[in-house]
Amino acid sequence: MSRITSAALAVTSALALVAGSAAAAVAAPAPGPAAEAKVAPVDWKPCNPDPTQPDPKIYDCAVYQVPLDYDHPNGDTIGIAMMRRRAADPAKRIGSLFLNPGGPGGSGYLWATTTRFGKDVQDRFDLVGFDPRGVARSNPLKCFTTDEEAAALNDRLTGVPVTRAEIAQTIDATEDYTDACSRNAGPLIEYMSTINVVRDLDRMRRAVGDAKLNFAGFSYGTLIGATYAGMYPDKVRALIVDGNVDPNLRMHNGVEYDRQRATGFEVALAEYLKRCQSAGAPRCAFGDGDTRTKFDAIRDHLRTDPVTLPDGTRVTLSSFTSQVANALYAQSRQAPLAKALQGLHQVIQAPAAAQGLAAAAPADPAAVEDAKVLATTVPTALREALPETPYSADDSYYGVNCQDKPYPSNPWTFVNLAKAWEKESPTFGRYQAFDGPTCSSWPAPARDAERFTGPWHRKTAAPVMVIGNLYDPATNYTFSQRMQRQLGNAVLVSVDVVEHCAVGRSKELGKLVTDYLVNQKAPAPGQLLKPDVEAFPPVA
């Protein structure tokens, strides 16, 4: 049997396991048009989002109590941390605009201070940021008791494991991690699925006095928006989803969702390299020669031979891949990435002394300094450290992902998946595959959780505004197309850019967003917009 055939069988087997898990999921019924139950209002108190600066006196904060388990609404509660920026023109105030930055596990609390929305939106809406349950200030889900415990385990993980030893140690570490979650996370770990976040959101909507919801969700936040549209379609006033997941695929087949996510990163990388070469040096520092060939040579070199810089710093396949992925998220990081890639290219091409040996002349110091950027691994989860606690991070990323996305229960399945995915996505296939093993042994997996798995096509009271970038790495463009089709009443606006999410990056888009939120005017379908700036602008 050929290796390709073996890999294909492994993928098929994994998908069958996942499909079986998905079949056991509980789809929550959408509530009917019955009168809404009253909830306690939010008790806002004035606050300053940045105590190191003068208080602008336009912000309020609160911790709002919601049920831990909605099947027992009078039982234990947890607090949701909220911040609002009051509408600048109270006489023309429309309501509250709730914001979620994604993750899952991204802290939305300080998003009340965002400048992504124009003056008309800030005049007419209270901007409300919040940390979802289990995140940052909202009863953070914690698998460790100290930062030292977490660091000791994280040191055993390899982001892109290649050798047998790296793979075995990484899988062992993920199982120890989930064991720690079983011991330390408490009952909240059973109630982290998006369905509960959406129930919290609807309760907060009622608590601020809004008859209908105004919401903007980014990345994973688009699943919150789509789920709200499925559960409470008659309560939607304006709903923006930017940088979209494929809700149906995500909630039914975590493995296939992740495979397609890897291909999205690969498509974005290819376009980035193409645009870099088109711009050329010095606009793009990596732009001389064939950028694709140069990039692949660096990646393939690191796969077997990490680069040790003269000061002992090591650039590994894991650190390199995480930095490339991170830069694709934002245009502002892409010119610096090109500089780092060119530096590492020069170091690898330099004499042996460039890797710390004394046999030849040292590498160019400027190239070494540029390459050093690629030696730091970027955390895969969005976490806002709260240093007043012995364990300053939280574990909400997996808390949500593992409850939402069905995965096979055998973590070793991902070893064969990594081989298969690497063939079609040589830079990001293995990287994405090894995000999955943790969910195989997660103590509160999707197959046992109450989850909203559709239907997604309920017609909302107002059209949903769907925004997708053509070359979004984290949520590829086909996901936005599917989101628009899956929702019962939605319009897709596209942006021609290599970046994750678009609101706040295009004046053209900003006008459409403002008109949609303020005037409830849905944008014309089929529009393709440009960002305000290029990744590699002309050199002055």
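The questions below ask why certain labels apply to a few residues of this predicted model.

User: What rules apply to the model and its numbering?
Analyst: Residues are numbered from 1 along each chain as its sequence is written. The model is predicted, so local features need pLDDT of at least 70, side-chain atom pairs count only at pLDDT 80 or more, and totals for chains, interfaces and linings use all residues, while side-chain values use heavy atoms and leave out hydrogens and water.

User: Why is Ser96 called buried?
Analyst: Buried means under 20% relative accessible area, exposed over 50%, and partly exposed in between (1.4 Å probe, protein chains only). Ser96 has a relative accessible area of 1%. That value is under 20%, so Ser96 is buried.

User: Where is Ser96, and which residues is it in contact with?
Analyst: Ser96 is in strand β4, residues 95-100. Strands (E, at least two residues) and helices (H or I, at least four) are DSSP runs, numbered from the N terminus. Contact means heavy atoms within 4.5 Å. Leaving aside neighbours within four places in sequence, Ser96 is in contact with Phe125, Asp126, Val128, Val208, Asp210 and Asn214.

User: What makes Cys47 and Cys61 a disulfide?
Analyst: A disulfide is a pair of cysteine sulfur atoms within 2.5 Å. Here the S to S distance is 2.0 Å, so the pair fits. Cys47 lies in the loop between β1 (45-46) and β2 (59-67), and Cys61 in strand β2, so the link ties together parts that are 14 residues apart in sequence.

User: How many disulfides does this rule give?
Analyst: The count comes to 4. With bonded cysteines counted along the chain, the pattern is 1-2, 3-4, 5-6, 7-8.

User: Why is the disulfide of Cys276 and Cys284 called left-handed?
Analyst: The torsion about its S-S bond is about -85 degrees, so the disulfide is left-handed. The sulfur atoms of Cys276 and Cys284 are 1.9 Å apart. By contrast, the link of Cys47 and Cys61 has 70 degrees about the S-S bond and is right-handed.

User: How do you know that Cys402 and Cys439 form a disulfide, and which parts do they tie together?
Analyst: Their sulfur atoms are 2.1 Å apart, which is within 2.5 Å, so the pair counts. Cys402 lies in helix α13 (residues 396-404) and Cys439 in helix α16 (residues 437-440), so the pair ties together parts that are 37 residues apart in sequence.

User: Why do Cys439 and Cys501 count as buried?
Analyst: Cys439 has a relative accessible area of 3%. For Cys501 the relative accessibility is 7%. Each value is under 20%, so both residues are buried.
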